[in-house]
Every structure is written in C-alpha cells, then in structure tokens.
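Take a walk through this protein with the sequence and the fold side by side. The sheets come before the hollows, and two glutamates close the tour.

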Amino acid sequence: MVKVAVAGALGKMGKEVVRAVEAADGLEMVACIDPGFSDESRCCGKGSCRSFTDLAEALEATSPDVLVDFTRPDVVEANLRTALTQGVDCVVGTTGLGEDALAALVAQAPEGTCLFFAPNFAIGAVLMMRFAAEASHYMPKAEIIELHHDKKLDAPSGTALRTASLMEGDSPIHSVRLPGLVAHQEVIFGDAGQTLTIRHDSIDRTSFMPGVVHACREVGGRSGLVVGLENLME
C-alpha cells in the first residue's frame, strides 16, 4: 500500500486528488496539508487520514511514501525541499519552477528518491503534445494558444511551455485567462494554402486524476528528476 500525502488539499485540484487517491486501489491517504485548516476543520480525507497546516509536521507524523503537491508557485519549492530531503517521493502539478530548479532540488535528496513533475496530468493533453511535436517536423510554423481559468497564477502555462520545448521551430505562445474556463490548449500550424489545428480541452478537473493516480503508483520505482507523464506511460 502506497501512503500518500497531499499538499494544497483544500484547493480545487487538491480536493479532487484526495477523492481520487481514496478511490484508487493500492493507495492510502494519510495526510491532507493546507494552511486553510484550523483546529475546527475536519480532514478532507476519510478513515485514518489526518489534517495539518504544516508540511514538516505532517511528514513526521504520518511517514508518507509520496507527497502530491498542487499548491502555489510561491510555496512549492519549499515544500519539495522539505519532502525530498526526507526521502519522500514527490508528484508535482504546481507549475512555476524550471527544470534546472527541479533538478537542483532532487539533487539534495537521498539516492533513489524521485521528483516527478508533469505540466499536465490529462492523458489527452499528453497526446496533444506528442501529436504537435510530430506535426512540427513537417509544418514548423506554428503558434500556441493556451486558455485557463482566471485564477491561474502563471502565464504561459506549464503545458504550453512544455509543448513548445518538444516542437521544432519557434512557436509563440498566447495566454488567455477568463472565468468559465478550466484548461485548454490549441496548436495552430500554417503552411501554403492550409492550416492544421490540434486542440485539447479539459472541461473538468477529474480529467487529471487518472494521471495523478498513475504517477503515485509509479514514482516509487523511479529516481531523480522525471518530467512529463509520457515517461510513465511507456
């Protein structure tokens, strides 16, 4: 049984992660961490899951195998440093840290510890990035439009940056932040007399959960920095 702790447990993504982990075979929710918990707050998990406002306290009290982090760009680095130095594998969906920063963090961890980061946990988004990378070999002129809810703190999105890094050529990125959106991206290719559009839409946050659950199950068998859900799907 893989013991899982979730940082950012009271956020929209965090609540979905807690529900998904509790419903998954082979995973056990042991700690929900969020500064929004108070003495009167009930843990958003069930059973033996406990709530904490402090990550270090949660790790000491519950000894999780995996920390899932869906927090904020301004706190994720400290969270990861705390967990990784204690040998806790991390599954991260919080964007805002570059690969160099992530590599530096996991370098401080005991040998065999894994830091897994995915800019997007939706299977369809992974396929969108793969198809866009393939198409760019033949149609290198392209632009990326990413659209997210108005509460998203970073722009461009991690998904858009990851997509551009996988493609040939220079692909400008346009960011849209509006209420009513969840997570959407299209890559528009242009060539003489034709265009090609590859688009993915997450219309509900549950679209990310199979990928998160899969990462929680797989991260224990990896070490070092692993970026991209596609690397756990092969």
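What follows goes through the sheets, the pockets, the cavity and two buried residues in turn. Keep in mind that this is a predicted model.

Start with the sheet of seven strands. It is open, and its pairing is parallel. Read across it, the order is β3-β2-β1-β4-β5-β6-β11. Which strands form the edges? They are β3, residues 50-52, and β11, residues 224-227. Each of these two pairs on one side only. From one strand to the next, the twist averages 20°.

Now look inside that sheet. Strand β1 covers residues 2-7, and strand β4 covers residues 66-69. The two run parallel and are joined by four bridges. To find the register, locate A5: its bridge partner in β4 is L67.

At the β11 end, a helix comes into view. Helix α4, residues 99-106, lies across β6 (114-117) and β11. Its direction makes an angle of about 150° with β11.

The other sheet has four strands. This one is also open, but its pairing is mixed. The strand order is β8-β7-β9-β10. Its edge strands are β8 (173-177) and β10 (194-202), each with pairing on one side only. Here the twist averages 15° from one strand to the next.

How many bridges join β7 to β8? There are five, and the two strands run parallel. Strand β7 spans residues 142-148. One handy landmark is L147, whose bridge partner in β8 is V176. A helix belongs to this picture as well: α5 lies across β9 and β10. It runs at about 165° to β10.

Next come the open spaces. The largest pocket holds about 1,100 Å³ of space. It is lined by 41 residues, and those closest to its centre are M13, F70, T71, R72 and T94. Which elements give two or more residues to this lining? They are α1 (12-23), α2 (55-62), α3 (76-84) and α6 (158-166). The largest share comes from α1, with three residues. By class, the lining has 17 nonpolar, 16 polar and eight charged residues.

The second largest pocket holds about 230 Å³. Its lining consists of 15 residues. L97, G98, F117, G158 and L161 are the closest to its centre. Helix α6 gives the most to this lining, with four residues. The classes here are six nonpolar, six polar and three charged.

There is enclosed space too. The structure holds one cavity of 30 Å³ or more. The largest cavity has a volume of about 50 Å³. Its lining is made up of N120, A125, M128, H148, T159, A183, H184, Q185 and H200. Both α5 (123-136) and β9 (183-191) supply at least two of these residues. Strand β9 gives the most, with three. What classes make up this lining? Three residues are nonpolar, six are polar and none is charged.

Stay in the four-stranded sheet for E146, which sits in strand β7. Is E146 buried or exposed? E146 counts as buried because its relative accessibility is 0%, and the cut-off for buried is under 20%. Its contacts reach several parts of the chain. E146 touches A155, P156, S157 and A160. It also touches I173, H174, S175, V176 and R177, along with H184 and Q185. Two of these contacts, H184 and Q185, are also in the lining of the largest cavity. A183 is another residue of that lining. The C-alpha atoms of E146 and A183 are 7.7 Å apart, although 37 residues separate them along the chain.

The last stop is E230, in the segment after β11. Why does E230 count as buried? Its relative accessible area is 14%, so it falls under the 20% cut-off. Beyond residues up to four places away in sequence, E230 touches V126, R130 and R162.

Methods. Residues numbered from 1 in each chain as written. Predicted model: local features only at pLDDT ≥ 70, side-chain atom pairs only at ≥ 80, totals over all residues. Heavy atoms only, no water. Pairing = 2+ DSSP bridges. Axes fitted to C-alpha atoms, helices over the stretch in contact; angles between N-to-C directions. Contact = heavy atoms within 4.5 Å. 1 Å grid on protein atoms, 1.4 Å probe; cavity = no way out; pocket = protein on both sides within 12 Å on 5 of 7 lines; lining within 4 Å. Points joined across faces, edges and corners; volume = space filled by probe spheres on them. Nonpolar A, V, L, I, M, F, W, Y, C, P; charged D, E, K, R; others polar. Buried < 20%, exposed > 50% of the residue type's maximum accessible area, 1.4 Å probe, protein only.
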